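Here is a short briefing on one protein chain. It covers domains first, then sheets, then the helices that pack on them.

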Amino acid sequence: MTLVINDVQKQFGKNKAVDGLSLNVEKGNMFGMLGANGAGKTTTFRMILGLLDPTNGSVTWDGEPLSYKRTHLVGYLPEERGLYPKLTVKEQLIYLMRLKGMKKTDIVEVMRAWLGKFQVPEYENKKIEELSKGNQQKIQFIAAVLHDPELLILDEPFSGLDPVNTDMLREAVQDLQEKGTTIVFSSHQMRNVEELCEDLIMLKRGKPVLQGNLKNIKRSYGMKNISIRADYDLQFLDATPGILSLDKTKDGATVKVENEQVAEDLFYTVAQEGFVRKFEVEEPSLHDIFIDEAGDDEDE
Ligand SMILES: Nc1ncnc2c1ncn2[C@@H]1O[C@H](COP(=O)(O)OP(=O)(O)OP(=O)(O)O)[C@@H](O)[C@H]1O
């Protein structure tokens, strides 16, 4: 079972919200979709779910589009949360899961297991409007996974959650992946993406700018962070070509450089100036890569 997005384009009037997107997500993968606001993530999710038709290209799960007849195969946590405030958690989940074809007794049993896992068994008979936003989100998550979908789409699952609930949700997502669920999620929180996903795509104004295995991307990415400790002032490096930023520390500096060649040249420069106690080249963080690739630059 594979999610296949093949050269997809989605146009709203003159605006190309998604442009030339191709990707495969294999069964059991945890796939991250990154991009600034308006990059085209939600539009892509809607096309995966069959809620929007691509202008060009195709999207299939296990060889076929996800039409309404196949909604039981997929779970979706939308970015704009949509629960009925006046219903109780139980009523809400029974209603939504009946639409997926589940039996009421099964719904209640699995719902109790999830409420227990999230340490809120007492919410069963509470109205949605009585719950805090973060807790409503846990219920919305349960609504996306209760029917045990093959493919799970999570649009900004961690937004608005406190650290304890973020960890709880992250663990739940990891457990589902271990069980074989294929998961595609978007997040603005790079730490969550770094901890969770194996493969990712970065979109900028609808176009893919970076794609592949997270570890390989970081390893092969040109930009590096260098941590230097030296017995003399490193400020003079600021003017060196290829140095993107220089932050002085107590006994040295952290320097961001354009590529490995600049790092190598820098090594010789600092050694010539005086005694160097430490010179360590580190891979960039996903945050750095995101700003570099998907951030909005003024010269375009
Ligand atoms: N139904 C629509 N009609 C017209 N334009 C739309 C529609 N849906 C999305 N767009 C446009 O498509 C582009 C991509 O929007 P989309 O919601 O997919 O971005 P996103 O990456 O999910 O952003 P965010 O991180 O803010 O949620 C935007 O320019 C948006 O204005």
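**Domains and sheets in a predicted model**

The C-alpha centres of domain 1 and domain 2 lie 42 Å apart. Both belong to a predicted model. Domain 1 covers residues 3–218 and domain 2 covers residues 222–282, according to the domain assignment of the chain.

**Annotated span**

- An unreviewed UniProt entry carries the annotation "domain: ABC transporter" for residues 3–230.
- Within residues 3–230, helix makes up 33% and strand 30%.
- The C-alpha atoms at the two ends of this span are 51 Å apart.

**How strands pair**

- In a sheet, strands are held side by side through backbone hydrogen bonds, and the pairing is either parallel or antiparallel.

**The sheet of 3 strands**

- This open sheet has the strand order 2-1-4, and its pairing is antiparallel.
- Strand 2 (15–26) and strand 4 (56–61) are the edge strands, and each of them pairs on one side only.
- On average, neighbouring strands here are turned by 15 degrees against each other, with direction ignored.
- Strand 1, made of residues 2–12, runs antiparallel to strand 4 and is joined to strand 4 by 5 bridges.
- Leu3 has Trp61 in strand 4 as its bridge partner.

**The sheet of 6 strands**

- A second open sheet follows the order 5-6-7-3-8-9, and its pairing is mixed.
- Strand 5 (74–77) and strand 9 (207–213) are at the edges with a single partner strand each, so one side of each has no neighbour in the sheet.
- Neighbouring strands of this sheet are turned against each other by 15 degrees on average, again with direction ignored.
- Strand 5 pairs with strand 6 (residues 151–155) in the parallel sense, over 4 bridges.
- Gly75 has Leu152 in strand 6 as its bridge partner.

**Helices on the sheet of 6 strands**

- Helix 1, residues 41–48, packs on this sheet and touches strand 3 (30–35), strand 6, strand 7 (182–186) and strand 8 (199–204).
- The direction of helix 1 makes about 155 degrees with that of strand 6.
- Helix 4, residues 133–145, lies across strand 5 and strand 6.
- Relative to strand 5, helix 4 runs at about 165 degrees.

Methods:
Residues numbered from 1 in each chain as written. Predicted model: local features only at pLDDT ≥ 70, side-chain atom pairs only at ≥ 80, totals over all residues. UniProt positions renumbered as here; feature names shortened; annotations may be inferred. Domains from an automatic or database assignment. Pairing = 2+ DSSP bridges. Axes fitted to C-alpha atoms, helices over the stretch in contact; angles between N-to-C directions. Contact = placed C-beta atoms within 7 Å.
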